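Biologist: I would like to learn how to read a model of this kind, one feature at a time. Where should we begin?

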Amino acid sequence: MDWYRKETSEVIEGLNSSLQGLSHEEARKRLVEYGPNELREKEKKTPFMLFLDQFRDFMILVLIAAAVISGFIGEASDTIAITVIVILNAIIGFVQEYRAEKAMAALKKMASPTATVIREGVPANIPASELVPGDVVILEAGKIVPADMRLLEAVRLKTEESALTGESIPVEKHTKTLHEEMLPLADRKNMVYRGTSVTYGRGVAMVVTTGMNTELGRIAAMLQEEEEVKTPLQKRLAGFGQKLAIGILAICAIVFVAGILRGASPVLMLLTAISLAVAAIPEALPAVVTISLAFGAKKMVRQNALIRKLPAVETLGSVTYICSDKTGTLTLNRMTVEKIYVDGRLAGVSPEGTVAGTREKQEYTDSPLHMFFIALALSNDARADADNNIIGDPTEAALYSIAKRHGFDKKDLQADFPRVAEIPFDSERKCMTTFHRWSDGKFISFTKGAVDVLIEKSANVLTSGGLKDIDAEEILGVSEQLATDGLRVLGIAMRKWERLPEEISPENVETGLTVLGLTGMLDPPREEAKEAVRLCRTAGIIPVMITGDHPLTARTIAKRLVILEDDSTAVITGKELDALSLEEFEARVEQIRVYARVAPEQKLKIVKALQDRGQFVAMTGDGVNDAPALKRADIGIAMGVTGTDVSKEAAHMILLDDNFATIVKAIKEGRKIYDNIRKFIKYLLATNSAEVWTLFLAPFLGLPLPLLPIHILWINLMTDGLPALALSVEPEEGDVMQRPPRHPKESIFAHGLGISVVWIGVFMAGITLSLQAWSIKTDAHWQTMVFTVLCLSQLAGVMAMRSEKESLFKIGLFSNIPLLGAVLLSFVLQMATLYLPPLNSIFRTEPLTPAELFITLSLSSMVFFAVELEKLVKRKKVFLTIP
């Protein structure tokens, strides 16, 4: 239907709605009728299909074929054992994928947009998915348009429609009816469309279509959300895995041929080669990384950081610069009176303290301090709600708060001295005045405003010795001193009246005033931000403050947070920034710590300059104009409380509490997650390579086949599943925030990880083959011992690999309970294969004597001590060089 060609009254009537919106009952009915306001995504796999997908992997299909071959040649026990192991593998894989999918769905749901809708005449915020045709929606700058709508009201409303029309310039909207048929979308100026964003003004619109019936829904095939983009790490690991698979298959072929040449059964060698390939190829590695990132993102939500784009979890550890807004992020976003000047004395006020008197209700006198606080309380439009939260302008809220702390409650004072008239503040006069009834039927006026303006309007000043002539130079000097400290200065004055003036105008009233005092106010820094800035410095991250505030105020906050030291060249204003070319700015950008009087559009210039200098930038923002900078930044961070929908859509991460300290927590968590990914990559590759080396080298050393196919598959099941996954919940390293950021292009095998993988794998294989050679000569149960050593040495290795530097004895055996549980469970199951008769026949094992078990356990533990020795060398910074 061409809604743009209809009058607004026809639209309302056609949708059986009204300007008061739908009733809640009608909205529920329509939601059932029209369905949720969502773009239909590709049909998600059912849990059953997810389970079946576990059997589509090429190597698993090969293993199933091996089981069938075993059955045909009469090896029923092998067939059953392989089948059971394949099913167990599938269950573990299914559980991991299902939990990861659920975690991602929960994160996606949290990030879904909301809409302000009018129902039964009352505005309410609801999920955009619950909108139905006929709903009346309020549109404001920064909001994403949640459905296709016909405008009912538009006040200087502009929308950015490039997602639909390709037109990058915002389009001005109106409510007039358009009559032309087949009008292109870009020319339908009385309509707004789903997926576009409001860049300016405000409006009210009625929903005409939702979900797949919207214009965006019609081209959903192109614009539908793609599948989750793989992170750079996942892509690199997938490529590495393919190359590794080719190498391992080549080794398996060599093992197969070598076995045949030595006279082994072709079927046995085929099963061995297949089993080795299945066990050695880490086909689950990218999936484990995804799970680790997804659960890491889920944990970050509990720390008030909502990750919108999964690669952000991985890249957080590379951040070198955090460019943060000041107000509300580094500060409390709550103006506080820090100093007052009354009766010729300047006094400081602690955040919760008082200057004089008590917190109890005061007996009011004509003393300068009492009159000053009475003025702060009465000449004030701030108020307290039912929960004692102060509502009103931040400056007035600060004055209200300090007056109340000193026993001058506005509510009590208003009962005694009610307001009878007022002259509101305006930017030309730079002051405001209120009139109140006073004692003995007289009146009093209180005026507050800019200090220089008040001095011109005043005749004297109130002191403890009575009225004295005003000393303008002294008061202006105090004002300048407060301003130099970065405080916002406000003057307070009064005048007593016998009767209320007939003409209440600024010219008639704001003259002959008596100065009561000055207040110096500041939005103080968050306490936790100080510690967060300190952590940044130790972690090699440079915090930078960006604000629209005055440079003096910005400098004061930056010094308190130790973002800025005494370097005057580290502060730059927006005006100075505009005067610099990009080349000139890039030459200075790494020295600048504070940007003052900066417009949101200039943030993009800051991000580009830092990136051109090779820095990895996190940038915060909350407004529509911040979106380009957030999108360009390596990590764009939107404010969850004050942020607009547009900024949230552009960001990689959303701060649910608008707190700078949360950014630092997220970086710490991101570094921990990446560390843990490195740990289980090291573990998986080292242990899998040990199996490859063992089977590959045995024929060349004149040894029989060390393991049967069932042994290889069992070891793979015991060691690659739960222990590897449990490494992803390892607590952070002690130095996680005491080392420089990781370069984003740094190899996952950097810092000696690749070398460790090789030597640990060779070392495990060496122990296993040495045991095999010795046990064959001594007529011991050699194959059972080899099978057990290779399994248990991997479990011993995982305990040592919990930290890249610290000893297990320092981090504590019980600091990762899931891993300890996984290792103990695997150990018990391995012992069951040795000492339970039914399993002996399946696994072709024999019970070990106490002496054999002791030798097996001793040799297995050697891997643990070898890895601990490597870490000791790292800690002592002893570098071994190969000549």
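Modeller: With a hairpin: strands β14 and β15 form one with four residues between them, and K430 in its turn has a positive phi of about 60 degrees. Helices (H or I, at least four residues) and strands (E, at least two) are DSSP runs, numbered from the N terminus. This is a predicted model, in which local features need pLDDT of at least 70 and side-chain atom pairs count only at pLDDT 80 or more, while totals for chains, interfaces and linings use all residues. Residues are numbered from 1 along each chain as its sequence is written, and side-chain values use heavy atoms, with hydrogens and water left out.

Biologist: In which sense do β14 and β15 pair, and over how many bridges?

Modeller: Two strands pair if DSSP finds at least two bridges between them. Here β14 (residues 419-426) and β15 are antiparallel, with five bridges. One of the residues to look at is D426, whose bridge partner in β15 is C431.

Biologist: What lies on the other side of the pairing, with β16?

Modeller: β15 also runs antiparallel to strand β16 (residues 443-449), and seven bridges join them. T434 stands opposite F446 of β16. These two strands form a hairpin as well, with five residues between them.

Biologist: How many residues of β15 are buried?

Modeller: Buried means under 20% relative accessible area, exposed means over 50%, and partly exposed is in between (1.4 Å probe, protein chains only). Accessible areas come from the Shrake-Rupley method with a 1.4 Å probe, and for residues only the protein chains shown count as cover. Strand β15 (residues 431-437) is mostly covered, with six of its seven residues buried. C431 counts as buried because its relative accessibility is 0%.

Biologist: How many disulfides does a search of the whole structure find?

Modeller: A disulfide is a covalent bond between the sulfur atoms of two cysteines. The test used is a pair of cysteine sulfur atoms within 2.5 Å. The search of the whole structure finds zero. C791 is another cysteine that counts as buried, since its relative accessibility is 0%.

Biologist: Back to the turns. Why is a positive phi worth a remark?

Modeller: Most residues other than glycine have a negative phi. D440 is not a glycine, yet has a positive phi of about 60 degrees. D440 sits in the loop between β15 and β16, and D440 is exposed because its relative accessible area is 74%. R844 is a further case, not a glycine and with a positive phi of about 55 degrees. R844 lies in the loop between α34 (837-843) and α35, and at 35% relative accessibility R844 counts as partly exposed.

Biologist: How is the length of a helix checked, say for α28?

Modeller: The expected span is 1.5 Å times one less than the number of residues. Helix α28 (residues 709-720) has twelve residues and should span 16 Å; its end C-alpha atoms are 16 Å apart, so the two agree.

Biologist: Is α28 mostly covered or mostly open, and what is the count?

Modeller: Mostly covered: twelve of its twelve residues are buried. Among them are H711, W714, N716 and D720.

Biologist: Lysine next. Where is K871, and is K871 buried or exposed?

Modeller: K871 is in helix α35 (residues 850-875) and counts as buried because its relative accessibility is 2%. A polar contact is a pair of N or O atoms within 3.5 Å; within protein, one must be able to donate a hydrogen and the other to accept it, and residues adjacent in sequence count only if both atoms are side-chain atoms. The side chain of K871 makes one with the side chain of E868, at 3.1 Å. Contact in general means heavy atoms within 4.5 Å. Beyond four places in sequence, the residues in contact with K871 include E804, E806 and L808.

Biologist: Which residue shares a side-chain polar contact with T116?

Modeller: N125, at 2.8 Å. T116 belongs to strand β1 (residues 114-119) and is buried, with a relative accessible area of 16%.

Biologist: What share of the whole chain is buried?

Modeller: Buried residues make up 52% of the 883 residues. The chain has 35 helices and 26 strands.
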